[in-house]
Amino acid sequence: MSFLTLFIIIPVLTVIGILLCKNHMQVKWTAVVGMSLQLITAIVLIFLFLAERRAGNMAEILFIQDNLWYQTLNIHFFVGVDGVSVAMIGLTSLVVFAGIFASWDIVDLPREFFTSLILLASGVFGFFISLDLFTMFLFYELAVIPMYLLIGIWGSGPRHYSAMKLTLMLMGGSALILLGILGLYFNSAPGGGPLTFDLIQISKVHIPVETQRFLFPFLFVGFGVLGALFPFHTWSPDGHASAPTAVSMLHAGVLMKLGGYGCYRVAVFLLPEAAHQLGWIFLILATIGVIYGALGAVWQKDLKYINAYSSVSHCALVLFAILMFNQTAMNGAIMQMISHGIMTALFFALIGMIYGRTHTRYINEMGGLMKVMPFLAVAYVIAGLASLGLPGFSGFVAEMTIFVGAFQNADVFHRVATIIVASSIVVTAVYILRVVGILLLGKIRNEAYEMITDAKWYDKISVVALIFGITVIGIAPLWLSDMITQGLGPIMQKLLSAAPMLH
Amino acid sequence: MIDFSYTALILLIPLFLFVLVGLFGNRFKPLVSGVIGTSGLFVIWVLSLFTAYKYFFVLEKATDGSFQKLLAVNTVWLHLTDKLHIDMGVLLDPISVMMLIVITTVSLMVHLYSIGYMHGEKGFQRFFAMLSLFSFSMLGLVVATNIFQMYIFWELVGVSSYLLIGFYYTRDTAVAASKKAFIVTRFADLGFLIGILILSYTTGTFDFITLTGSSSPAFSSGQGVWFLGLSTMTWSMIFIFMGGAGKSAMFPLHIWLPDAMEGPTPVSALIHAATMVVAGVYLVARMFPIYIHETAALDIVAWVGAFTSLFAAVIACTQFDIKRVLAYSTMSQIGYMMLALGVSGYGGHEGLGYMASMFHLFTHAFFKALLFLGAGAIIHAVHSNYMNEMGGLRKYLPITHITFLIACLAIAGIPPFAGFFSKDEILVAAFHHNKVLFAMEYAVAGLTAFYMFRLYYSVFWRKEVHYHHTPHEAPATMTIPLIFLALGSTFTGFIPFTKLVTSDGLPFEIHTEWGIAIPSILIAVVGIAVATVFYRKENNIATRLARSMGGFYTAAYHKFYIDEVYLFITKRIIFNYISRPIAWFDRHIVDGTMNGVSYVTNEASFRIRKFQSGQLQQYAIVFVSGTIFLALLFIYLWTN
Amino acid sequence: MFEGVPLTWFLITGTIMFFVGIYGFLVRKNLITILMSTELILNSVNINFVAFNKILYPGHLEGMFFTIFIIAVAAAEASVAIAIIINIYRRLVSINVEKMDEMKY
């Protein structure tokens with residue numbers, strides 16, 4: 001039994017614990033204990049992983065566990081991690097931990113709320129540790145469905161519409177993914193023998209290029225929907241705007257990363273030739289997405305919409321980097337996922353806390369909040385600066401790695417795309433500073449806000465944990481970057497061996 | 001060999017101070033955080049002086065007799081590609097050591113001054129925390145061992161500048177100014193970034209020592225024509241200069257600097273006069289061995305510098321806000337430095353312009369910081385920024401008056417004050433390079449003398465205006481820095497820069513070219529004289545002259561409407577015609593398509609559900625006719 | 001006793017009854033009439049069973065058994081149906097089949 005199974009067991013036990021609780025306080029504390037354990041387990045995992053690597057264990061995947069659970073279709077519960085998934089697990093546990101504290105104020109049905117939230121989290125954890133495509137898909141669905149309930153029941157505004165829209169679009173995406181996965185499954189044993197969903201085994205098989213070309217769009221668009229690929233991103237602003245705080249955090253922070261991770265781990269990794277041939281189409285979409293999301297954010301008035309568009313822009317950057325097909329850019333893509341995950345979770349946490357105090361999310365109705373809630377305001381400025389890529393925070397590291405990596409492609413098309421994408425840093429500065437200027441600085445516009453109180457202890461825990469995350473990565477990125485780079489080895493080999501086949 | 005690894009402390013101390021005061025400042029009494037900040041700065045000032053002494057006078061020279069380029073500390077911060085990695089470290093060479101002195105000196109003076117100036121302000125601790133952050137970033141910038149480290153600290157100084165300009169965050173103008181400063185420089189930084197990307201791709205390194213060494217890959221690679229008839233390397237240098245131009249407020253990226261005067265005055269002195277705004281000059285100087293090979297890029301540097309210096313000097317003559325006058329004056333002087341780099345050659349006497357530029361940077365830091373701190377003392381006394389609300393202050397503020405006068409003389413280029421020596425070298429270098437540039441700079445010298453003394457007379461002479469309460473001299477924490485900087489402005493001109501800071505690190509001999517020096521003194525005297533006539537006593541010569549200039553004066557007064565042009569482009573065009581339509585497009589077209597799909601699905605199911613009418617007999621009809629149809633079908637199929 | 005009557009006649013009778021029943025089932029609005037139409041349909045089937053049994057397999061009785069079964073089931077069905085109809089009448093005060101459309105979309 002692998003250490004990794006704990007990442008599924010802890011949430012399940014926490015859920016059972018929550019169902020046995022008698023009152024609100026017990027529910028919250030059970031959730032806190034469970035998710036703190038999860039965070040500690042994740043930190044231990046990072047250290048164990050680094051220790052293994054330092055001890056010279058260069059196996060592609062560590063901590064493997066493989067159980068057959070459905071023989072007819074040869075489906076396994078096959079888990080294991082490399083540097084990339086360890087990083088993603090670290091991100092997820094941090095965001096979930098902060099999310100629990102950010103939803104401390106939940107009044108309606110807390111038991112059900114925390115149950116769904118933790119179920120969602122366990123889906124995400126399962127997704128990141130699975131190496132069997134079917135199990136992966138299963139966990140993916142497990143993550144998407146509680147989202148519907150969380151938004152539909154605890155959301156605000158047009159929550160039914162948003163929940164429905166979000167779920168339907170994601171389900172549409174997962175239908176495409178399922179098709180793609182089945183396509184891979186039926187091509188997994190070209191020389192005869194049992195078909196398999198095993199990701200590692202499929203990666204060693206050469207799938208005919210025509211088949212790849214057919215399957216690649218299914219998988220890339222399918223995961224791309226979740227990763228807010230340009231024309232399929234519209235679920236994101238509405239969904240975020242209606243979702244309760246912790247759900248927005250988890251959703252933008254972690255769930256959207258499932259898309260990028262899937263594109264990387266499944267679409268590009270397993271179908272490298274098709275990725276080389278069709279990548280340019282998605283590269284154009286991703287480039288549009290980066291600029292489009294950023295410019296879209298400039299005009300918005302609702303805090304959550306601003307951040308949702310900003311997420312579209314940042315997540316498109318992840319896809320952009322993955323499609324650059326070189327190690328540096330891929331590394332940047334993973335770092336961007338982590339960085340954006342923490343950063344945007346921080347943003348949504350803060351927006352939730354501000355909304356909880358002012359009861360509006362329209363920036364024009366607020367102003368001068370720095371004076372009444374200095375802690376939250378400073379945290380918001382920090383989040384903003386991190387988002388616009390200031391050195392010392394994780395966003396800078398990720399963006400610069402992406403830009404340098406992308407620029408290593410010497411042809412005009414990739415270069416021009418890189419420069420266009422790089423110009424988004426200016427637009428990001430514009431919308432971030434606009435919000436900071438209107439929301440936090442200046443005079444207090446509404447007298448009722450003079451009475452507002454600053455962050456409570458649980459708000460502070462949530463915010464400080466996230467800020468700690470972005471600064472640690474921002475100041476000392478080397479360990480993370482090296483850990484990810486090692487995990488990128490197999491995919492880079494596949495891409496390199498695929499490249500000559502184009503000529 | 002001397003171990004310089006202690007220089008890491010020069011960076012770490014201010015960082016520690018920032019974290020300490022930033023996190024726990026509110027637990028301290030205001031004064032305590034001020035004292036902590038100042039004493040920390042004092043320590044690194046001493047360390048810098050010590051380093052400079054060791055570096056220039058004790059450390060043995062390289063084999064060819066030049067100053068070594070020394071990696072005191074260097075660690076890998078991030079691996080990017082196989083070849084490229086970002087390092088963090090401390091590079092010691094003549095210009096970085098010189099900059100260490102400039103920054104720590106001015107910063108120490110400003111810290112000390114701020115204890116008095118910011119006394120009783122809300123957010124005193126925050127102010128000192130940010131000053132420490134700025135000192136850290138600026139020091140990190142100048143000692144950067146590679147261009148990416150420089151970019152990192154470049155961004156950090158940008159944000160400290162943003163935070164400090166917006167220090168009075170309840171004031172809308174300050175908020176707008178800080179935002180503007182950040183965004184404009186950010187735009188320029190995009191150019192810098194692109195330049196770095198091109199440079200690092202072509203040369204395969206970020207490292208300054210490799211890049212600027214005699215066998216730099218920058219000289220061999222990227223030489224082919226790439227775009228618009230210029231080579232890759234030229235383009236990368238032009239892009240990098242764009243970053244420098246943004247930070248150094250060169251035309252047309254200068255618009256943020258005058259507005260940045262919304263920040264507290266010590267901040268203007270430190271960041272927007274002495275240190276951060278010369279980062280662009282420093283950047284070009286740092287990359288100078290490459291620039292010298294890319295003449296097209298260097299010409300751009302020269303012409304942008306010259307144009308800015310003239311342009312800003314003209315505007316400075318028309319402004320009434322004393323800090324804005326000084327801001328335009330700063331732009332003008334930085335233009336001088338850029339020009340000097342642009343006209344310089346490499347090695348020995350050829351590199352006169354380079355030396356002159358660094359020299360001017362050094363002296364300018366002293367007298368411009370002094371001018372700003374003096375202006376701060378004036379504002380502190382009369383609570384106004386406008387020179388028409390001042391006059392006759394010389395008897396109330398004697399120390400400020402004397403030190404301000406010294407600074408004015410220094411900037412106007414009157415010997416023996418510091419400005420004369422450095423400016424003279426620049427003029428000589430320009431004269432030998434291009435006569436048009438020389439003529440422009442010559443005119444600027446006259447204008448500089450004029451607008452500085454216009455300011456000086458309007459503040460300290462003329463008739464006294466009615467003050468709400470009697471102006472009084474600033475406290476000692478403010479006057480001591482003034483006096484110290486005044487001494488600096490007087491004597492730094494005698495530092496033998498040709499022996500210390502030169503383009504190739506080798507000392508060379510110069511002799512004053514009196515043929516250029518004397519006319520430049522003369523034009524400065526003329527400028528002062530005109531200012532004396534116009535402004536010493538109340539009269540309307542200036543107003544009449546302004547009126548006779550008509551449109552030109554109005555245009556200069558409105559800063560040649562550059563701000564309006566930008567506003568038009570950003571607000572009207574980008575905001576209204578790009579961003580807004582995109583938001584609309586997203587809601588209605590992209591989202592509309594998605595909603596359209598769901599609408600079609602809905603509509604289809606609405607139509608189909610009519611079959612489920614609830615009418616038993618309808619179902620029966622369907623059932624019966626279906627059965628009959630199937631029966632007939634099967635009969636047909638079987639019989640055939 | 002049926003020696004002279006050909007099978008066709010029985011079949012024609014059954015067919016007529018069947019379609020009369022179908023017609024009544026589809027067209028009449030009164031639930032009782034519809035129930036009666038159903039009986040007609042069932043009985044037409046019964047006639048067929050009996051006739052076929054008699055003519056095709058004279059020695060066997062399966063067709064007869066089946067008919068009796070159908071009659072028994074029809075009786076049970078009729079009692080349940082009438083019970084339902086009475087209940088419907090109590091609720092709706094009508095036994096018009098068109099009023100009963102609560103199960104629509």
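Visitor: How many residues does chain C bring to its contact with chain B?
Guide: This is a predicted model: local features need pLDDT of at least 70, side-chain atom pairs count only at pLDDT 80 or more, and totals for chains, interfaces and linings use all residues. Residues are numbered from 1 along each chain as its sequence is written, while chains are lettered from A and ligands numbered from 1 in the order in which they are written. Two residues are in contact if their C-beta atoms, placed from the backbone, lie within 7 Å. Chain B gives 10 residues here, and chain C gives 11.

Visitor: How does the side of chain B that touches chain C divide by class?
Guide: Ala, Val, Leu, Ile, Met, Phe, Trp, Tyr, Cys and Pro count as nonpolar, Asp, Glu, Lys and Arg as charged, and the others, Gly among them, as polar. On that basis, this side of chain B has four nonpolar, five polar and one charged.

Visitor: Which helix of chain B gives the most to the side that touches chain A?
Guide: In this contact, 38 residues of chain B meet 39 of chain A. Strand 1 (70-79) and helices 5 (147-165), 6 (172-203) and 25 (562-608) of chain B each supply at least two residues (DSSP runs numbered from the N terminus: helices are H or I, at least four residues; strands are E, at least two). With 13 residues, the top contributor is helix 6.

Visitor: How do the residues on that side of chain B divide by class?
Guide: Chain B puts 38 residues into its contact with chain A. They divide into seven charged, seven polar and 24 nonpolar.

Visitor: Is A:F3 buried or exposed?
Guide: A:F3 sits in the segment before helix 1 (6-20) of chain A. Beyond its neighbours within four places in sequence, A:F3 is in contact with A:L45 and A:F63. Buried means 20 or more other C-beta atoms within 10 Å, exposed means 12 or fewer, and partly exposed lies in between, with C-beta atoms placed from the backbone. A:F3 has 16, so A:F3 is partly exposed.

Visitor: Which helix supplies the largest share of the largest nonpolar core?
Guide: A nonpolar core is a set of buried Ala, Val, Leu, Ile, Met, Phe, Trp, Tyr and Cys residues joined through C-beta atoms within 7 Å. The largest has 428 residues, and A:L350 and B:A369 have the most contacts inside it. The largest share, 21 residues, comes from chain B, residues 352-382: helix 16.
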